[in-house]
Amino acid sequence: MISKKGDERLLSFYWIVIFVIVTIAVVSAVVIFSSAPLDIRGIEASLLSDSLINCVSENGRIKEVFYSWDNTKSLEQVCNLYLKDMAYLDESATNQYFVAVRFEGREIKAGNDLLEPMCNAAESEKNIPKCNEKKLFLLDKEGKLILIKITSAIRKIEKNAVE
Amino acid sequence: MLLNRINSKKAQTAEAMTWVVATIIILIFTFLFLFVVSIMSKSKVELSFFGSGFFEGEDAGVASQQMLFAILNSKSNSNEKEIKALIEEAQYEEVRQSVEEILGKFKEEIKCNFFVKDLNRGGYLVNINNGADGERVSLNIGQMEVGLECSQ
């Protein structure tokens with residue numbers, strides 16, 4: 001009778017080795033994939049622009065409030081925007097966003113002015129604000145179609161830094 | 001000789017060798033799998049936030065919607081009637097000329113396609129195609145569907 005004890009022990013060893021390898025592979029793959037950063041600032045900037053479009057326009061016309069704009073008003077109040085990132089605990093919470101509405105030579109801005117010039121920085125695409133510009137035509141108060149530019153920029157570089 | 005047969009493990013060794021080769025192949029595929037996952041994780045993009053994929057710069061429809069309203073509420077140069085009224089009165093040639101003029105005025109900044117479609121017969125009564133490729137928005141005016149699609 002040929003003893004098969006050694007044979008079963010040998011095969012069991014390889015079963016365990018393969019089991020451990022596959023388990024480590026699956027866990028590693030999940031950790032690698034899920035821990036990779038996901039930068040959604042582009043979408044956030046686009047949604048911010050859409051909010052501004054909804055604020056500036058009504059039925060295809062520019063709202064009257066934007067013609068009579070003065071220093072007593074702010075885009076945050078008029079458009080119900082909250083341009084602060086409370087994930088930052090210091091004063092940089094208010095420096096993470098920038099929005100602007102431009103039409104007929106008028107410019108209405110809110111947030112951190114310093115972000116806009118960095119939008120199309122040529123030297124590097126890493127670690128700069130993500131910006132979004134949308135253009136649309138709307139009717140002015142005289143019923144004439146004019147071009148409006150909506151710009152939004154989001155900083156949050158620390159959380160999205162590329163190494 | 002019987003003892004040799006009892007103690008011979010040649011067949012058992014052959015089976016074990018099969019597993020060694022299988023383990024090596026599994027290891028290779030495992031490392032390949034991890035390599036592919038690490039590449040995929042670097043190119044993670046923002047997909048499926050809005051179902052069909054959403055990328056920077058793509059008009060999500062809000063701007064197109066307001067521009068459609070603006071076009072319909074604007075007046076035709078020739079007879080001072082709103083374009084919406086011209087559609088209701090079936091003056092499609094007038095609509096086409098006025099909208100072409102409007103879209104031509106802004107074509108450097110924004111590209112738009114505009115159409116008026118008969119919902120009953122299914123044909124296009126006005127179809128201005130400037131090669132835009134954005135999200136289409138439309139609304140119904142009577143038995144007509146009026147739509148706009150813009151890209152920047």
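Partly exposed, in these notes, means a relative accessible area between the 20% under which a residue is buried and the 50% over which a residue is exposed. I should also jot down that this is a predicted model.

**Entry: B:Ala90**

I applied that cut-off to B:Ala90. B:Ala90 comes out at 44% relative accessibility, so I put this residue down as partly exposed. I found B:Ala90 in the loop that joins helix H4 (83–88) to H5 in chain B. I then looked up the backbone: phi is near 65 degrees, a positive value in a residue that is not glycine. I noted the sign since most residues other than glycine have a negative phi.

**Entry: A:Glu104**

Next I went to chain A for another positive phi. A:Glu104 has one of about 50 degrees, and this residue is no glycine either. Where does A:Glu104 sit? I traced A:Glu104 to the loop between strand E3 (97–103) and strand E4 (106–111) of chain A. Its relative accessibility is 41%, so A:Glu104 goes down as partly exposed.

**Entry: A:Lys156**

Then I checked a lysine. Is A:Lys156 buried or exposed? The relative accessible area of A:Lys156 is 12%, and the cut-off for buried is under 20%, so A:Lys156 is buried. I located A:Lys156 in the loop between strand E6 (145–154) and helix H4 (157–160) of chain A.

I wanted to know what surrounds this side chain. Which side chain makes a polar contact with the side chain of A:Lys156? I got A:Glu44, with the two side chains 2.9 Å apart in that polar contact. I also pulled the contacts of A:Lys156, skipping neighbours within four places in sequence: A:Arg41, A:Glu44, A:Asp85, A:Tyr88, A:Gln96 and A:Tyr97. So A:Glu44 turns up in the contact list of A:Lys156 as well as in the polar contact.

**Entry: second largest pocket**

I moved on to pockets and picked the second largest one. Its volume is about 250 Å³. How many residues line the second largest pocket? I read off 14, with A:Leu145, B:Lys75, B:Asn77, B:Ile102 and B:Lys105 nearest the centre. Both chain A and chain B appear among those names. Helix H5 (residues 92–105) of chain B gives the largest share of the lining, four residues. By class, I logged six charged, five polar and three nonpolar residues in the lining.

**Entry: chain A overall**

I finished with the chain totals. Chain A has four helices and six strands, and along the sequence they run α-α-β-β-α-β-β-β-β-α. I noted that buried residues are 41% of the 163 in chain A. For contacts in chain A with a separation of 6 or more, 59% join residues 24 or more positions apart. The accessible surface of chain A is about 9400 Å², and carbon and sulfur atoms hold 56% of that.

**Entry: chain B overall**

For chain B I wrote down five helices and four strands. What is their order along the sequence? The pattern in chain B is α-α-α-α-α-β-β-β-β. Chain B has 152 residues, and 37% of them count as buried. Among contacts in chain B with a separation of 6 or more, residues 24 or more positions apart account for 47%. I put the accessible surface of chain B at about 9200 Å², with 57% belonging to carbon and sulfur atoms.

Key
Residues numbered from 1 in each chain as written. Chains lettered and ligands numbered in written order. Predicted model: local features only at pLDDT ≥ 70, side-chain atom pairs only at ≥ 80, totals over all residues. Heavy atoms only, no water. Helix = DSSP H or I, 4+ residues; strand = E, 2+ residues; numbered from the N terminus. Buried < 20%, exposed > 50% of the residue type's maximum accessible area, 1.4 Å probe, protein only. Contact = heavy atoms within 4.5 Å. Areas by Shrake-Rupley, 256 points an atom, 1.4 Å probe, with all protein chains shown as cover. 1 Å grid on protein atoms, 1.4 Å probe; cavity = no way out; pocket = protein on both sides within 12 Å on 5 of 7 lines; lining within 4 Å. Points joined across faces, edges and corners; volume = space filled by probe spheres on them. Nonpolar A, V, L, I, M, F, W, Y, C, P; charged D, E, K, R; others polar. Polar contact = N/O pair within 3.5 Å; in protein donor to acceptor, adjacent residues only side chain to side chain.
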